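Take a look at the structure below. We will walk through it part by part.

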Amino acid sequence: METILLLAHTETDGTLAKPALEALTAAKELGGELIIGLVGAAVEAAANQIAGCGASRILAVSGEAFSQPRYSTDAAAAEALCRAAGAAITLATSTSRWARALPGVAYRLEGRIDTHATAVSVLNGAPAVNRWFYRQRIEATLTRSQRPWFILLDAGCYPAWSGAPGAASVETVAVNADGTRTTFSGIRAPKADEQTIRPDAKLLFVAGAGWSKKQADGATHTADAERLILGFLRGAQASLGGSKSLVDQSGEGEAVLKFMTHLNQIGQTGSTPRHQKGLSTCCHGEEPHVVGWRFVNERRAINLDANCGWARGKADVLYVADAFEVVEKLNQLLGA
Ligand SMILES: Cc1cc2nc3c(=O)[nH]c(=O)nc-3n(C[C@H](O)[C@H](O)[C@H](O)COP(=O)(O)OP(=O)(O)OC[C@H]3O[C@@H](n4cnc5c(N)ncnc54)[C@H](O)[C@@H]3O)c2cc1C
């Protein structure tokens, strides 16, 4: 097997986050000589964290300039590490930093890159990647003869590597970051209490347009919908998804759920998250939506309509019931 370079950047606390450790598991499963390339303000903590992973070398580009997500410094660091390692294959997690910087690095090194890989394996003695096409409808296994070959691995596809920390020896690779014109001014993120997307949650809770529609009494109950959905998310620590119909209403300025954005949209033109379980509420379960449930293993739905899409083989269990009533009861049970 060819030499593999695993690229990882540190987090603000100096350690490696779970997705980087997942990529380490993937690199180890592929086999061959493993070299680690670290990037960050200071990399000692990260190097010690993975000291027991069996890498033949740990290379690092460090310094304050490399603490910040920025194309020029991330690309320069990755390029220098790739040249120092001389590896045929470079593997990294698809963080926003690597997804932005590595395609350019592949170009500089006259290599090729495959993004959104979900697995790496050995096929007929050669390394191969798995990747989904056409909105997760077709899965392909690809090999490439071009080297160096860069692979960006999606998060959540491998268990995080967990081994005993130790005292690692790190080889420093020098990179000149002078002349950087881009200044990183900070991260704008929603307040913690507004966070509704939780990739690591066991349960995906999906809200459909029914929550904003007139109910049996002829009126809409948006305030109740907000209270019930947020109560459930807090009680179950679930992640929130939405159907296109519901998230589009927010964009059109109608009075709907304030915390629902296009980032929550699940489906063909939305996201395809990975969760163990899914609970769909007030959502019809049409194919362009359900295709986003590709990686949700256990599916349940609540809909007033016994003939909705979920009843047609798309859910394991369909509760033909009023979601307002069911979620109210669930929240009582959850103590939310
Ligand atoms: C090219 C293309 C791409 C698309 N991409 C996406 C995509 O990425 N994601 C996506 O979601 N859609 C997508 N769509 C749209 C999709 O086909 C549907 O229009 C959309 O998913 C419908 O949303 P909905 O089920 O929430 O709304 P509706 O179809 O309006 O369904 C609302 C449901 O709520 C139920 N309901 C109402 N009140 C209650 C209650 N009290 N209790 C229980 N149930 C209740 C109703 O019975 C109804 O089934 C796409 C369409 C196209 C053509």
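Ala, Val, Leu, Ile, Met, Phe, Trp, Tyr, Cys and Pro count as nonpolar; Asp, Glu, Lys and Arg count as charged; the others, Gly among them, count as polar. Keep that in mind for the ligand. This is a predicted model.

Start at the ligand. It is surrounded by 30 residues. The closest are Gly208, Gly210, Ser243, Lys244 and Gly267. Four elements give two or more residues to this shell: helix 6 (244-251), helix 7 (287-290), strand 13 (296-303) and helix 8 (323-334). Helix 6 supplies the largest share, three residues. By class, the shell has eleven nonpolar, 14 polar and five charged residues.

Now turn to the sheets. Strands of a sheet pair through backbone hydrogen bonds, either parallel or antiparallel. One open sheet has five strands, in the order 11-10-12-13-14. Their pairing is parallel. Strand 11 (239-242) and strand 14 (317-320) each have a single partner strand, so one side of each has no neighbour in the sheet. From one strand to the next, the twist averages 20°. Look at strand 10 (203-207) and strand 11: four bridges pair them in the parallel sense. There, valine 206 stands opposite glycine 241 of strand 11.

Another open sheet has nine strands. The order is 7-6-5-8-4-1-2-3-9, and the pairing is mixed. Which strands stand at the edges? They are strand 7 (138-142) and strand 9 (171-172), each with a single partner strand, so one side of each is left without a neighbour in the sheet. Strand 9 runs parallel to strand 3 (57-62), and two bridges join them. Leucine 59 has glutamate 171 in strand 9 as its bridge partner.

Helices pack on this sheet. Helix 1 (18-30) touches several strands, including strand 1 (4-9), strand 2 (34-40) and strand 4 (89-93). The direction of helix 1 makes about 150° with that of strand 4. Helix 3 (71-85) touches strand 1, strand 2, strand 3 and strand 4. The direction of helix 3 makes about 155° with that of strand 3.

Finish with a pair of helices. Two packed helices are described by the angle between their axes and the distance between the axes. Helix 5 (222-236) packs against helix 8 at about 40°, with the axes 9 Å apart. That angle makes helix 5 oblique to helix 8. Their crossing is left-handed. Among the residues that meet are Leu228 and Phe232 in helix 5, and Phe324 and Leu330 in helix 8. This contact has seven nonpolar, three polar and two charged residues.

Note on methods:
Residues are numbered from 1 along each chain as its sequence is written. This is a predicted model: local features need pLDDT of at least 70, side-chain atom pairs count only at pLDDT 80 or more; totals for chains, interfaces and linings use all residues. A residue is near a molecule or strand if its C-beta atom, placed from the backbone, lies within 6 Å of it. Axes are lines fitted to C-alpha atoms, for helices over the stretch in contact, and angles run from 0 to 180 degrees between N-to-C directions. Angles under 35 degrees count as roughly parallel, over 145 as roughly antiparallel, 65 to 115 as roughly perpendicular and the rest as oblique. A crossing is left-handed if the near helix is turned anticlockwise from the far one by less than a right angle, and right-handed if clockwise. Two residues are in contact if their C-beta atoms, placed from the backbone, lie within 7 Å. Two strands pair if DSSP finds at least two bridges between them.
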